[in-house]
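Open the model in your viewer, switch to a cartoon view and keep the selection box handy. We will go from stop to stop, choosing a few residues each time.

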Amino acid sequence: MSYRFVFILITGTCLISCFPQDNKKVTFMAIGDVPYHLPEDFQRFERLIQSINTTAADFTLHVGDIKSGSTPCTDEYFEMIKGYFNNFRQPLIYTPGDNEWTDCHREACGGFDPEERLDKLRQVFYSEDQSQGKNPMPLERQNSWEGFEKFPENARWQMSGLTFGTFHVTGSNNNFKLDSAALNDEFFERELANNFWLKQLFEQAKTAGSRGLVLVLHAGLNYNSKDERNGHASFVQLLRESVMAFGKPVLLLYGDHHRFMVDKPLRDNTGKTLTNFTAVQVFGDRDMHAVKVTVAPENPNLFLIDPFYVAGN
């Protein structure tokens with residue numbers, strides 16, 4: 001099965017500097033919500049890594065959830081997953097999901113304090129300005145910006161005339177607690193950081209004359225709710241406005257619900273589909289496969305999206 005999307009490309013002029021290797025065809029893999037079922041999933045995860053390593057993919061994206069919501073959130077587990085990430089032959093870029101920190105208060109997860117686990121995640125996976133993988137690549141992290149020193153997990157990079165960026169937007173309502181007595185300081189601070197980063201990414205793409213954007217996050221977003229109890233509402237509204245203003249192709253990769261799906265979920269204020277926006281949900285949970293994305297600048301189809309099945313998984 002193969003999905004092909006035709007986009008009308010608007011030629012951009014590089015106002016500051018042009019991308020190197022503009023005509024290079026880039027291919028990358030996207031995975032997420034794995035491994036879940038332990039210990040049997042470790043073998044399947046190793047098979048997934050080995051299969052990806054046999055391809056010519058330039059890098060792999062993990063959209064979050066490096067464990068299920070009912071397995072321990074220990075330091076040892078985080079280090080183990082980091083070891084797996086460093087078995088990828090090419091760069092591995094990872095953005096957090098909810099299972100590795102927001103849900104760690106559960107008894108089955110070890111009864112941890114979620115924010116303490118988030119601090120640990122940042123120490124283990126985001127201590128350097130580069131990706132994971134045997135051959136890591138440099139990344140610009142948000143913590144290099146004044147006022148956002150707490151957010152190394154949000155990163156961006158450029159390749160073959162495109163701008164890529166990760167965002168720490170998770171399931172479990174993005175850690176927004178509905179209990180009226182709950183403090184949501186962590187949520188509001190991270191919401192501000194994500195929205196700032198989204199604006200910066202679109203501004204960078206416009207300035208550089210990027211032919212498209214690729215956005216990476218964990219949550220299955222609710223695109224239709226403006227309810228103040230929706231932890232994704234402000235991000236979605238800003239995303240909608242930015243996609244409309246940008247006009248060129250925008251690809252969003254996410255996980256959360258464990259079902260491969262290609263969709264056009266964003267609409268403008270009149271209800272018309274925003275045809276330059278495509279959302280792709282990756283495989284996950286029992287379906288330990290990948291999604292292959294090819295960026296072919298010379299092709300009228302900018303993003304070519306294909307399931308990448310792993311034999312035995």
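What follows is a short tour of helix pairs, a disulfide and a sheet in this predicted model.

**Stop 1: helix 1 and helix 2.** Select residues 40–53 for helix 1, then add helix 2, which spans residues 75–85. The two axes come within 11 Å and cross at roughly 25°, so helix 1 and helix 2 are roughly parallel to each other. Now show side chains: F42, F45, E46 and I49 of helix 1 meet Y77, M80, Y84 and F85 of helix 2. Sorted by class, this contact has seven nonpolar residues, one charged and no polar.

**Stop 2: helix 2 and helix 3.** Keep helix 2 and add residues 114–125, which form helix 3. Here the axes come within 10 Å, with a crossing angle of roughly 30°. That makes this pair, too, roughly parallel, and the crossing is right-handed. On the helix 2 side, display D75, F78, E79, I81, K82 and F85; on the helix 3 side, display R117, K120, L121, V124 and F125. What is the mix of classes in the contact of helix 2 with helix 3? The contact has six nonpolar and five charged residues, and no polar ones.

**Stop 3: the disulfide.** Select C73 and C104, whose sulfur atoms lie 2.1 Å apart in a disulfide. The structure holds one such bond. C73 sits in the loop between strand 3 (59–62) and helix 2, while C104 is in the loop between strand 4 (92–94) and helix 3, so look for distant parts of the chain, 31 residues apart, being linked. Check the torsion about the S-S bond: at about -90°, it makes the disulfide left-handed.

**Stop 4: the sheet.** Next, colour the open sheet of seven strands, which has the order 5-6-7-8-9-11-10 and mixed pairing. Which strands stand at the edges? They are strand 5 (140–141) and strand 10 (261–263), each with a single partner strand, so one side of each has no neighbour in the sheet. Then zoom in on strand 8 (residues 212–216) and strand 9 (residues 250–254), which run parallel and are joined by four bridges. Within strand 9, L252 stands opposite L215.

**Stop 5: helices on the sheet.** Add residues 185–208, helix 4, which packs on the sheet and touches strands 5, 6, 7, 8 and 9. The direction of helix 4 makes about 15° with that of strand 6 (155–159). Finish with helix 5 (residues 233–246), which packs on the sheet against strand 8, strand 9 and strand 11 (277–281). The direction of helix 5 makes about 165° with that of strand 8.

Methods: Residues are numbered from 1 along each chain as its sequence is written. This is a predicted model: local features need pLDDT of at least 70, side-chain atom pairs count only at pLDDT 80 or more; totals for chains, interfaces and linings use all residues. Side-chain values use heavy atoms; hydrogens and water are left out. Axes are lines fitted to C-alpha atoms, for helices over the stretch in contact, and angles run from 0 to 180 degrees between N-to-C directions. Helices (H or I, at least four residues) and strands (E, at least two) are DSSP runs, numbered from the N terminus. Angles under 35 degrees count as roughly parallel, over 145 as roughly antiparallel, 65 to 115 as roughly perpendicular and the rest as oblique. A crossing is left-handed if the near helix is turned anticlockwise from the far one by less than a right angle, and right-handed if clockwise. Contact means heavy atoms within 4.5 Å. Ala, Val, Leu, Ile, Met, Phe, Trp, Tyr, Cys and Pro count as nonpolar, Asp, Glu, Lys and Arg as charged, and the others, Gly among them, as polar. Two strands pair if DSSP finds at least two bridges between them. A disulfide is a pair of cysteine sulfur atoms within 2.5 Å.
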